Amino acid sequence: GVTIGDNVIIGAGSVVTHNCDSDSVYAGVPAEKLMTTTGLQELWLLAIQMIFRNLTVRMTLTKTRFIF
């Protein structure tokens, strides 16, 4: 068997063939470590910042009307 650590994210359809470290993201066949969950949190924060910057620019260009 394998051991899956705490706070591990495993992608849908992945095949886990070895132990997974805590605080990590795994995906693939066989599953490979893609990043740590700390890296994932930083990626999400960056994505949210980019979304809000884009919305702010759109609102400024359209005189505060929401266009999606």
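Reader: Let's start with Val25: which residue stands opposite Val25 in S3?

Author: The general idea is that strands of a sheet pair through backbone hydrogen bonds, either parallel or antiparallel. Here, Val25 faces Met35 in S3. Strands are DSSP runs of E with at least two residues, numbered from the N terminus (helices are runs of H or I with at least four). Two strands count as paired if DSSP finds at least two bridges between them.

Reader: Before we go on, what am I looking at, and how do I read the numbering?

Author: It's a predicted model, so to speak with its own filters: local features need pLDDT of at least 70, side-chain atom pairs count only at pLDDT 80 or more, and totals for chains, interfaces and linings use all residues. Residues are numbered from 1 along each chain as its sequence is written, and side-chain values use heavy atoms, with hydrogens and water left out.

Reader: Okay, back to the sheet. What is the strand order?

Author: The order is S1-S2-S3, in an open sheet of 3 strands with mixed pairing. Strand S1 (9-10) and strand S3 (32-36) are the edges, each pairing on one side only.

Reader: Which way do S2 and S3 run, parallel or antiparallel?

Author: Antiparallel: strand S2 (residues 24-27) is joined to S3 by 4 bridges. Besides the Val25 pair, you can look at Ala27, which sits opposite Glu32 in S3. S1 and S2, on the other hand, pair in the parallel sense over 2 bridges. There, Ile10 has Tyr26 in S2 as its bridge partner.

Reader: How many residues lie between S2 and S3 in the hairpin?

Author: There are 4 residues between them, and Gly28 in the turn has a positive phi of about 110°. While you're in that loop between S2 and S3, look for Pro30. The peptide bond leading from Val29 to Pro30 is cis, with omega near -5°.

Reader: Gly28 is a glycine, fine. Which residue before S1 has a positive phi?

Author: That's Asn7, at about 55° although it is not a glycine. Asn7 lies in the segment before S1. Asp23 does likewise, with a positive phi of about 55°, and belongs to the loop between S1 and S2.

Reader: Is Asn7 buried or exposed?

Author: Read it off the relative accessible area: under 20% is buried, over 50% exposed, and partly exposed is in between (1.4 Å probe, protein chains only). Asn7 has 55%, so it is exposed. Asp23 has 34%, so that one is partly exposed.

Reader: Which residues make the nonpolar surface patch?

Author: Val2, Ile4 and Ile10 make it, with about 210 Å². Patch residues have over 30% relative accessible area and no salt bridge; like charges are joined within 9 Å, nonpolar side chains (Val, Leu, Ile, Met, Phe, Trp, Tyr) within 5 Å. A salt bridge puts a side-chain nitrogen of Lys or Arg within 4 Å of a carboxyl oxygen of Asp or Glu, and areas come from the Shrake-Rupley method with a 1.4 Å probe, with only the protein chains shown as cover for residues. Val2 sits in the segment before S1 and is partly exposed at 36%.

Reader: What is Asn19 in contact with, beyond its neighbours within four places in sequence?

Author: Contact means heavy atoms within 4.5 Å. By that rule, Asn19 touches Gly1, Val2, Thr3 and Tyr26. Its side chain reaches the backbone nitrogen of Thr3 at 2.8 Å.

Methods. A polar contact is a pair of N or O atoms within 3.5 Å; within protein, one must be able to donate a hydrogen and the other to accept it, and residues adjacent in sequence count only if both atoms are side-chain atoms.
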